[in-house]
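Colleague: I should be grateful for a close look at a single part of this model. Please describe how that part is put together, and what adjoins it.

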Amino acid sequence: MSSENLPQHVLVRKLVDQRAEISGQVASSKLQRVSHHVIDLSGIEAILGFDRDENRKENIFVRVTASVSQECQRCLTPVQFSLSVASKLIVVAHDDEARNLSRDCETIILDQGELDIPALIEEEILLALPIVPLHGMSQPAVEPTAKLVASEAVGVVIKELLSDGVSCE
């Protein structure tokens, strides 16, 4: 993949007519909405292919890869993973046109034909992020001693509640 930065905007029709493919990197500083959901985002690389399908609709093929770090919702420590997204988008001019396509089709509305590349990549990354990031099951999220201490503390609290006559029913 190219080490060059991708342009901010491109004219889709021109690239579709050329059946072009562009690739490069996007700085994480351009992806402000993603920054609210990650601890770190780096190595963002994208390939965008432009083509026309058998129905003469403009298509954009998007592949994005990145290294992501989010907060594990179980232990609140960073969990790192590689993100890889591949999508095919059909370009439409307005909502009515999108409604007339199959529900299986992913659409992008470009009424002026100009594509904001960082916004597209940001949207693809946001859709691919896990809703609840967790460490893998094979990798312990917390040190076993911390788990033991936490479970002992929970046991003490339960014993206190039971001795106070609190019941779960």
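Modeller: What follows is an account of the open sheet.

The model is predicted, so to speak of local features a pLDDT of at least 70 is needed, and side-chain atom pairs count only at pLDDT 80 or more, whereas totals for chains, interfaces and linings use all residues. Residues are numbered from 1 along each chain as its sequence is written, and side-chain values use heavy atoms, with hydrogens and water left out.

The open sheet is formed by five strands in the order 2-3-4-5-6, and their pairing is mixed. Strands (E, at least two residues) and helices (H or I, at least four) are DSSP runs numbered from the N terminus, and two strands pair if DSSP finds at least two bridges between them. Strand 2 (21–25) and strand 6 (106–109) stand at the edges; each has a single partner strand, so one side of each has no neighbour in the sheet. From one strand to the next the twist averages 25°.

Let us begin at the edge formed by strand 2. Strand 2 runs antiparallel to strand 3, and five bridges join the two. Here glutamate 21 stands opposite glycine 49 of strand 3. Strand 3 is in turn joined to strand 4 by 11 bridges, again in an antiparallel arrangement; isoleucine 47 has arginine 63 in strand 4 as its bridge partner. The hairpin of strand 3 and strand 4 has five residues between the strands, and in this hairpin arginine 56 takes a positive phi near 70°.

Strand 4 (residues 58–71) and strand 5 (residues 78–92) also run antiparallel, joined by 13 bridges. In this pairing asparagine 59 stands opposite isoleucine 90 in strand 5.

Two helices may be added to this picture. Helix 4 (residues 117–128) lies across strand 2, strand 3 (40–52), strand 4, strand 5 and strand 6 and runs at about 120° to strand 5. Such angles, from 0 to 180 degrees, are taken between the N-to-C directions of axes, which are lines fitted to C-alpha atoms, for helices over the stretch in contact (heavy atoms within 4.5 Å).

Helix 1 is linked to the sheet through side chains: aspartate 17 and arginine 52 meet in a salt bridge, at 2.8 Å from N to O. This pair links distant parts of the chain, since aspartate 17 belongs to helix 1 (residues 12–18) and arginine 52 to strand 3, 35 residues apart. In the whole structure, a search finds seven salt bridges (a side-chain nitrogen of Lys or Arg within 4 Å of a carboxyl oxygen of Asp or Glu).
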